[in-house]
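Visitor: I am new to this structure and should be grateful for a close look at one part of it. Could you please take a single salt bridge as the starting point and then relate the surroundings to it?

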Amino acid sequence: MPQSYFDVENSRHRSFELPGAKPHYNPDRPGQVEHIFLDLNLDIPNQSYNGTCTIQLKPIRNGIDRLILDAVNLNIQSVQVDNVQQTFDYDGSQLQIQLSTPTQIGKSIQMAIAYSIEKPQRGIYFIAPDKHYPNKPTQVWTQGEDEDSRFWFPCFDYPGQLATSEIRVRVPKPLIAISNGRLIHTEEDGDYKIYHWSQEQVHPSYLMTLAVGDFAEIQDEWNGKPVTYYVEKGREEDARRSMGKTPRMIEFFSDKYGYPYAFPKYAQVCVDDFIFGGMENTSTTLLTDRCLLDERAALDNRMTESLVAHELAHQWFGDLVVIKHWSHAWIKEGMASYSEVMWTEQEYGAEDAAYYRLLEARNYINEDSSRYRRPIVTHVYREAIELYDRHLYEKGSCVYHMIRAELGDELFWQAIHTFVQDNAHKTVETVDLLRAIEKATGRNFLFLFDQYVYRGGHPDFKVTYSWDGDSQLAKVTVTQTQAKEGNNGSSELFDLKIPINFGYTQKQAGETGGAGEAGGELTPHFKTFTVRVNEREQSFYFPLEEKPQFVSFDAGNNFLKTVFLEYPLPELKAQLEFDPDPISRIYAAEALAKKGGLEAVKALSTALKRDRFWGVRVEVAKQLAEIKLDQAFDQLLPGLQDENALVRRAVVESLANIKIHDTYKALKPLVENGDASYYVEAAATKAIGGIAAASLDEKPKEEKVLKLLKTVLEKRAGWNEVVRSGAIAGLSQLKTSEAALELILEYTRLGEPQALRLSAIRALGTISTGQTPVNLERILDRLAELARETFFLTQVAVVIALGQMETPKAIGILRSLADQTPDGRVRRMAEEAISKVQKSSGTDQAVKQVREELEQLKKANQELKSRLEDLEAKSSVKG
């Protein structure tokens, strides 16, 4: 279940557990739920429905006379057990049924609960056109994970109960209804049609789904099984473009997991206003319609492909093999995220997959350093939805990769096959994965799980290297900086066996040669050593026949870590040029940028022109902007012509950090004339706002930039409003401009396209920090008004905006939103935003002024340094 997460800046490793967090356990089981049957009659205009939920339960104890079901805000009309009326108590969240005949072991009972609901708050969502959005489709869809099925039908709502299910639903023509499993029957009923679906393999209640709409149906197949895409009519081409690889993916995952796709069909339904990226309901995935790509978006957007792969992977990890408790959700979410890496490797090659892994690791590391640190497996929380974070997805993915790297491909896939085959149609906990690995390979992986799964954190390595020519020894010193000094027995230390490569090329490092040959015609050879890193600081000595040109720490980059390389300049340049591993080249680029100086700029600019892999060029562009020398600007410019849109975008974003008039002149044509990529165009549009806002001697007139951004807003409506959102972000950089604020406020109105409106709401926070007290009040009033809207994504945008503000007045709005929202994610984000605002509003004006003066000094210093570097370069040429 992909989601969006929002990093909140705070102190080092804040606790994940907020006040009110407590241990959560599955409830005691009165018996085994065998079957759930929902018979529903929808009244779409009134956003309501009525029906019967019939649950067949096989008791596992004699003498139970009371059953407790989860049921929130339902109107319970009657309860029958085996056709006999029962008395019941209902408090709005739990339904207690008093059984007139106590249970007998092995004798199944059938509970039929008649109920209705009007305007449900969660679980089931009614989407309909209104005066603000007259073109919105009429749709009904459900979302059960984590514990929201109880909002649309009575159930034992936790993942440990698996049952078969059926949904029979009456909907008005021409709408169609899609659900889990097979369509076993349809019948006409005047202006209505009844759809009857049956899911014959067991699954938990959170994976039961219903989606209703006037969809176009695009049919595909895999091994004779229907593969169907449902989208709004008119978007059929986008559907094929976005989901057309599904049959090949099913083939790929069936092979990789060692278990053919288990369900009778696979449907993907793209729905409006979806509150996640996607949701892997058994055999029927729901996706946001924003994932549908037009031709231009498909140029540089692989996110949809990854989303499709992620949700499909869940059909095995999550749906076929079900987690027993939310605390073990990493088993499914980590593998679905790792399956994105695997599909990338299959489709685009090993370098793209390695880079994808690096980006996943960074997402987790960012959350770990700026939000909180937690063990991946924990059952202490307030609501289970809080667990759906970067630790669960991206760190989980990295753990699967470490298992694969340690075992090697053959044994890893044997272990995965064993895990899936042994646990198909059953529930699992983390220990079951450990057992499957041991059963298939004889290897005990508790050492890795203890370090990366059952406790928080990862190693932060600092690696220094030097060469002693007299004794022909390479010295590598590894420091685990996450542990405090003198803390050798610390629980913060990691104990890992790490390979180190010493790289040699036929060409000596001093000679010139194209970096385009990195890992190409000029293949380096390696001398590899594996060392045990288990202390805070260790020095290793390696006897070598000759001095290596570069050093690769953690060859293959398989361990989840951060790493800072303190190598001499020639070794870093050689690594950037010749190391075949793209991640090692990226680490070398980071280390070069930290060293700074003209030599580093030259090496990075060569890589920007010549590195064969786009991901390295993206990272090199970022690092060039980190070097505070004027020469960096000239070296970035050629990157605007890169054939790869992702590289052009990175170059634009890097140039945006170099706030000089020349940058404005370089980016303005991109804003005026556009780019093949929506994202490059949006990045340029955002950048010119930031440059216009900077205090430059020669600066573009604010009115000119405002006019340009306003033109973009008026004329560039398009796919997911990416370009116009870029213009809003550009306006938000003009923090002292009242005219920019007016424009942004205009786009927060109902009726504006949702994606653009959400961008405008978020931008109110960014622009707020430079506005007058009167305008600040206007922003707060508008956000207070918006906070009353119930739509999840609007609430998220409001929280993000308020979290950026530097006034204690934002806290009251955040508090009331946290108190009133029914969504656990919004509640948590609002509470984190409160502490962020408390921190930033404590920063008084005097501190701000000192900060600004410091920036001016740094700028003057940069100009001097750049001139000095130029002079030195010229004198060395003359010398």
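Guide: In this predicted model, Arg617 and Asp642 are joined by a salt bridge, with their closest N and O atoms 2.8 Å apart. Arg617 belongs to helix 13 (residues 614-626), whereas Asp642 sits in the loop between helix 14 (631-636) and helix 15 (645-655), so the pair ties together parts that are 25 residues apart in sequence. Both partners can be placed with respect to the surface. Arg617 has a relative accessibility of 7% and counts as buried. Asp642 is buried as well, its relative accessible area being 11%.

This pair belongs to a total of 63 salt bridges in the structure. Another of them links Arg532 with Asp495, where the closest N and O atoms are 2.5 Å apart. Here Arg532 is part of strand 28 (residues 525-533), and Asp495 is in the loop between strand 26 (473-480) and strand 27 (496-504), so this bridge ties together parts that are 37 residues apart in sequence. Arg532 counts as partly exposed, at 46% relative accessibility, and Asp495 is also partly exposed, at 30%.

A further salt bridge brings together the side chains of Arg749 and Glu752, at 3.8 Å from N to O. In this case Arg749 counts as partly exposed, with 46% relative accessibility, while Glu752 is buried, with a relative accessible area of 16%. Salt bridges also form a network, which links Glu367, Arg371, Arg382, Glu386, Arg828, Glu831 and Glu832.

Contacts between helices offer another view of the model. The axes of helix 17 (residues 678-693) and helix 19 (residues 722-733) come within 7 Å and cross at roughly 10°; the two helices are therefore roughly parallel to each other. On the side of helix 17, the residues in contact include Tyr678, Glu681, Lys686 and Ala693, and among those they meet in helix 19 are Val722, Gly726 and Gln733. Sorted by class, this contact has 8 nonpolar, 6 polar and 2 charged residues.

Finally, the cysteines may be considered. The structure holds 0 disulfides. For Cys53, the nearest cysteine sulfur is that of Cys155, 7.3 Å away, and Cys53 is buried, with a relative accessible area of 0%. For Cys270, the nearest cysteine sulfur is that of Cys291, at 4.4 Å. Cys270 also counts as buried, at 2% relative accessibility.

Methods: Residues numbered from 1 in each chain as written. Predicted model: local features only at pLDDT ≥ 70, side-chain atom pairs only at ≥ 80, totals over all residues. Heavy atoms only, no water. Axes fitted to C-alpha atoms, helices over the stretch in contact; angles between N-to-C directions. Helix = DSSP H or I, 4+ residues; strand = E, 2+ residues; numbered from the N terminus. Parallel < 35°, antiparallel > 145°, perpendicular 65-115°, else oblique. Contact = heavy atoms within 4.5 Å. Nonpolar A, V, L, I, M, F, W, Y, C, P; charged D, E, K, R; others polar. Disulfide = S-S within 2.5 Å. Buried < 20%, exposed > 50% of the residue type's maximum accessible area, 1.4 Å probe, protein only. Salt bridge = Lys/Arg side-chain N within 4 Å of Asp/Glu carboxyl O.
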